[in-house]
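Me: Please take a close look at one strand of this model and at what surrounds it. Then carry the account on, in the same detail, to the other parts that deserve attention.

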Amino acid sequence: MWEGLRLQVFFLCLGAALWSAAAAATYRGSGPRERGHRRHLSLHRHRERGKEGQVLHRSKRGWVWNQFFVIEEYTGPDPVLVGRLHSDVDSGDGNIKYILSGEGAGTIFVIDDKTGNIHATKTLDREEQAQYTLTAQAVARDTNKPLEPPSEFIVKVQDINDNPPEFLHGPYYARVAEMSNVGTSVIKVTATDADDPTYGNSARLVYSILQGQPYFSVEPQTGIIRTALPNMDREARQEYDVVIQAKDMGGHMGGLSGTTQVKITLTDVNDNPPKFTQTVYAMAVSEDKVPGEEVGRLKAKDPDLAENGLVDYRILEGDGMNLFEISKDSETQEAVIKLKKTVDFETKRSYTLRVEASNPHVDPRFAAWGPYKDTTTVKISVEDADEPPTFMAPSYNFEVEENAPAGTVVGRVHAKDTDIMNNPVSYMIPRYTDLEEFFTINPEDGIIRTTRPLDREAQAWHNISVSATESGGHHQDAKVRVNIKVKDVNDNAPEFATQNEVLVCENVNPGKLIETVSATDKDEMAHRQHFHFSLAPEVANNHSFSLKDNRDSTASIFVIRKGFSRMTQDVYHLPIEINDNGVPPMSSTNTLIVRVCSCDSKDTILSCNVEPFILSAGLSTGALIAILACIVILLAIVVLFVALRRQKKEPLIVFEEEDIRENIITYDDEGGGEEDTEAFDIATLQNPDGANGFLPRKDIKPELQYPMRPGLRPIGNSVDVDDFIKTRISDADNDPTAPPYDSIQIYGYEGRGSIAGSLSSLESVTTDSDLDYDYLQSWGPRFKKLADLYGTKDSADDNS
C-alpha cells in the first residue's frame, strides 16, 4: 500500500513540475500583473513614471518558487518535501537565511534556513483544511536585514479517496399504497462524500439496492426508490426492509461505499369485500324479553383498515323483519340484532332473516373487483318462558249504583296462564289502589263486590288495579286497570245557587222585579229536567212579595205592595220551596232574605243599616262623639297609671322588721342555766348606726369606703388577743357598708345560778376526788404534764 502511495506522490510531483514549466512559458508573454509568478526574478530595478512625472523605483523579486502541492494522509517515516525556495542573491556561501511564516509555519511546515527546502512534518487532511497560505523571506544571516521583500505562496493539500459515502438522514421510512403500479416513486435517498468532487472520481456516487428485490428498485444516479412488482398486497405483507448502497469512484472497483436502511410500509386501499364466516347463524330469544334487548351478534370480516374496512348491515328479507331490527357496534364492527317487538312462544317459535354486509366506501379503481358485499342467513328460535297471566282485556270499566248495599257485584275480571302448563290464577286488589277498601275481589273467579254503600257525590269514579298471580309458578303477576263509575241516584235536594241578600228600596213600586233566583243540585240532572220553584205554604198569601217560576230552573221575585218602612220592619224572610222533579223527587225549602234600604230619587241605595234610626230616637251624633272621647281619655289615664305602678321600684331602705343578720357569739365560760336570761342581750347585735335612725341600703354597693383607723390596728408581732378583738369590733362597727354585721361578744362572768349546777370541768381540779393518779408518774415523760396536773393535790397534802 505504501508503494502505491509513493507512486501517487511521484506522479503528483511530476505533474507539479510540468505545471510549473507551463507557468514559466506563460510568464514570458504575460503583463506586469502576472510577473509575480516568474521562475527567475532579477534583483535589478526598473523605473516607472507616475501620473505627475515622479519616478518610482521598485525592486525586482528574485525568488525561484512554485505553487506547492502536498498529498494528504501521508504516513511515511520521514517528513514530506513540499518544495524548495531559492533567491537569486543566494550565491551558496551561506550568508542568506530563509524565514517562513503563515498558516502552519513552524508546526506543520518547516524550512531549512540555508537551503530553503520546505518539509511537512505532520499528516494533512484535505477535509479539515484544503490549503495553507505561507509567507517566505530572505534575510542576511548576520544582520537579519531583509534582502528581498516577503512574498506569499500557497500549499495545496492534494485529495485522495479516503472518505466513504454517508447517508446523513438515514434510516429512512416511506409509505406507498398497496396495489400500486410498477415504477411508482416511493422515496429518494441521498448520500454525501467528503472527498473533493472536483478532483477525480472520489466523490462520484452510484446507488444500488442490496436488499428488497424484486419488490423495489433504485435509480443509480438519483437514489429514487420505485416499486418493481405489480399488485403488492398489504394483507399478504405490509412492511419491507430495503438496503441501499452508495459507492464512490463511479461504482468502480476500489471505490468506498456506504449503506442505509429504508423501511417501506404498504398503506391500505379498499381492495377486499366483507365476508361472513358462516352461511347460517343460529340464535335464540326468550319470549319474556322486552323490545330493545339484544338477541345476538354476527360479523362480516374485512381485512382492510380504517374506513376501507367499515361494514354496514341490513336485513334484506325474512318473516321476522317486523319483530327484529339490526344495528352496528361501531367499536367491534359487529351486527347487533335486537328485539323490535315482543315474541310469543305459543304463537310462533322460530323466525328467519336474510342479512347483508357491505362496504360503504368503495374505491372506483377497484370497483371491477366487486361486489363489495356478502349475505348470510340468521335463524332465531323463540324459547318458552314462565310468563305472568294475561288478562283478557287491557282494562275494565264497570258501573255500580250509589247507595247500593254492601256485597253488590260490580263486575268480573278474567286472566289465564298462556304457558303450556296452564296453571290456575288467583286475584287480589293491591291495597295502595284502594286505600279505603271500598271493594273486594274473589281470589278464584275475579268477581269484584262492594264493601259498603258508595256515595257518588263524594267520589264519582274509583280507579283500582287487580293483580293476577299464577298459582304454583314463580309468583309473577300481571296487573290490569279497573275503572268503576258510581251511577247517580237522586238522593240530594236542590238548594239556592247563591246565598245573597236581596236589597229593596223603601219607595219601591209594586210589580218591580227585585231578584232572579236559581238552584243547584249535587245529583246529576237528567235530560230536560229542571227545577220547580214555589213559595212555601206559610207565605203563599203574603202581601209583600210574589214568585214566578220561569220553567228554566230559575224563578223571579216581584214586589206586590207599595213602599216599605225600615222603622216598621227592615228585614223580610221569604221561604221558597225547590223541587228537582227527579226519581224519586227531592225538594227543599230555602229562605231568601230581603233587606229594606233607604234610596234616593234615582233608586240608588244610600244606607241599609239600622243605626241612624237609633240615633234619632236617642242621642245625637255629636253627643256620641263626646262620650267616645271621654272614654278614650279615661282609658289613657288608666294605662298611664298602670305604667307608673309598674315602674315603681321596691323600697331601698332596710326596715327594722326586715333586719336579718348572722349572729356569732363566743362563750368563754359556762352559762348561767335556765335562769340566766340576762346573759345575752339581743340589742347588742343591732348595728349602732341603726339606733340613730340610719339604715344603710343593702341592695347596692356603697359608694364611699370607710378607711380603717390605723390607731386601732395591732402591730404585726402583737400577741395581745384582747386588743386584736377590740380592733376588729371597732372596724366592724364603723363600717356600715359590709352586710351582714357580725357581732362578737365576750362574756367573762358566771350566771346567777342554775338548778342543774355547773357542767364545766374546768374547776374539777379543785374538787375532792378519791381517785389516785400517782401511777401516771410511771408512764414516762410523755405523761409528765398530766401527772403533774393531777398529782398536785397529793403533793400539797403531803407538804401540809
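Reply: In this predicted model, strand β10 spans residues 131-140, and seven of its 10 residues are buried, so the strand is largely enclosed by the rest of the structure. Two pairings of β10 can be followed residue by residue. Strand β7, residues 96-102, runs antiparallel to β10 and is joined to it by seven bridges; within that pairing, leucine 100 has alanine 136 of β10 as its bridge partner. Strand β11, residues 151-158, is likewise antiparallel to β10, here over six bridges, and leucine 134 faces phenylalanine 153 of β11.

The wider setting is a protein chain with 47 strands and seven helices. Of its 800 residues, 33% count as buried. Its accessible surface amounts to about 50,200 Å², with 53% of that area belonging to carbon and sulfur atoms. When contacts between residues at least 6 apart in sequence are considered, 66% of them connect residues at least 24 apart.

A smaller example of strand pairing follows. Three strands make up an open antiparallel sheet in the order β13-β16-β15. Its edges are β13 (185-188) and β15 (216-218); each has a single partner strand, so one side of each lacks a neighbour in the sheet. From one strand to the next the twist averages 25°. The pairing of β15 with β16 (residues 224-227) is antiparallel and rests on three bridges, and phenylalanine 216 has threonine 227 in β16 as its bridge partner.

The largest nonpolar core lies elsewhere in the sequence. It has 25 residues, and Phe533 and Ile576 have the most contacts inside it. At least two of its residues come from each of the strands β38 (502-505), β39 (513-520), β40 (532-535), β41 (545-549), β42 (554-559), β43 (571-579) and β44 (587-599). Of these, β43 gives the most, with four residues. The surroundings of phenylalanine 533 can be listed in full once neighbours within four places in sequence are set aside: its contacts are Val517, Ser518, Ala519, Leu547, Asp549, Ser553, Thr554, Ala555, Ile576, Glu577 and Ile578. Ile576 is thus among the contacts of phenylalanine 533.

Asparagine 542 sits in the loop between β40 and β41. Its relative accessibility is 22%; residues count as buried under 20% and as exposed over 50%, so asparagine 542 is classed as partly exposed. Apart from neighbours within four places in sequence, asparagine 542 is in contact with Leu535, Ile560 and Leu574. For leucine 574, the C-alpha to C-alpha distance from asparagine 542 is 9.5 Å, while 32 residues separate the two in sequence.

The strands that supply the core also take part in covalent links. Two disulfides are counted in the model. One of them joins cysteine 505 to cysteine 599, with the sulfur atoms 2.0 Å apart. The angle about this S-S bond is -85°, and the link of cysteine 505 and cysteine 599 is left-handed. Cysteine 505 belongs to strand β38 and cysteine 599 to strand β44, so the pair ties together parts that are 94 residues apart in sequence. Both ends are buried: cysteine 505 has a relative accessible area of 10%, and cysteine 599 has a relative accessibility of 16%.

The other link joins cysteine 597 to cysteine 608, with an S to S distance of 1.7 Å. Here the angle about the S-S bond is 105°, and the link is right-handed. Cysteine 597 is in strand β44, whereas cysteine 608 is in the loop between β45 (605-607) and α2 (611-617); the two are 11 residues apart. Cysteine 597 counts as buried at 0% relative accessibility, and cysteine 608 is buried with a relative accessible area of 19%. Counting the bonded cysteines along the chain, the disulfides follow the pattern 1-3, 2-4. By contrast with these buried ends, cysteine 630 counts as partly exposed, at 47% relative accessibility.

Strand β44 therefore has several roles in this account, because it supplies at least two core residues, contains cysteine 599 and contains cysteine 597.

Methods: Residues are numbered from 1 along each chain as its sequence is written. This is a predicted model: local features need pLDDT of at least 70, side-chain atom pairs count only at pLDDT 80 or more; totals for chains, interfaces and linings use all residues. Side-chain values use heavy atoms; hydrogens and water are left out. Buried means under 20% relative accessible area, exposed over 50%, partly exposed in between (1.4 Å probe, protein chains only). Contact means heavy atoms within 4.5 Å. Accessible areas come from the Shrake-Rupley method with a 1.4 Å probe; for residues, only the protein chains shown count as cover. Two strands pair if DSSP finds at least two bridges between them. Axes are lines fitted to C-alpha atoms, for helices over the stretch in contact, and angles run from 0 to 180 degrees between N-to-C directions. A nonpolar core is a set of buried Ala, Val, Leu, Ile, Met, Phe, Trp, Tyr and Cys residues joined through side-chain atoms within 4.5 Å. A disulfide is a pair of cysteine sulfur atoms within 2.5 Å.
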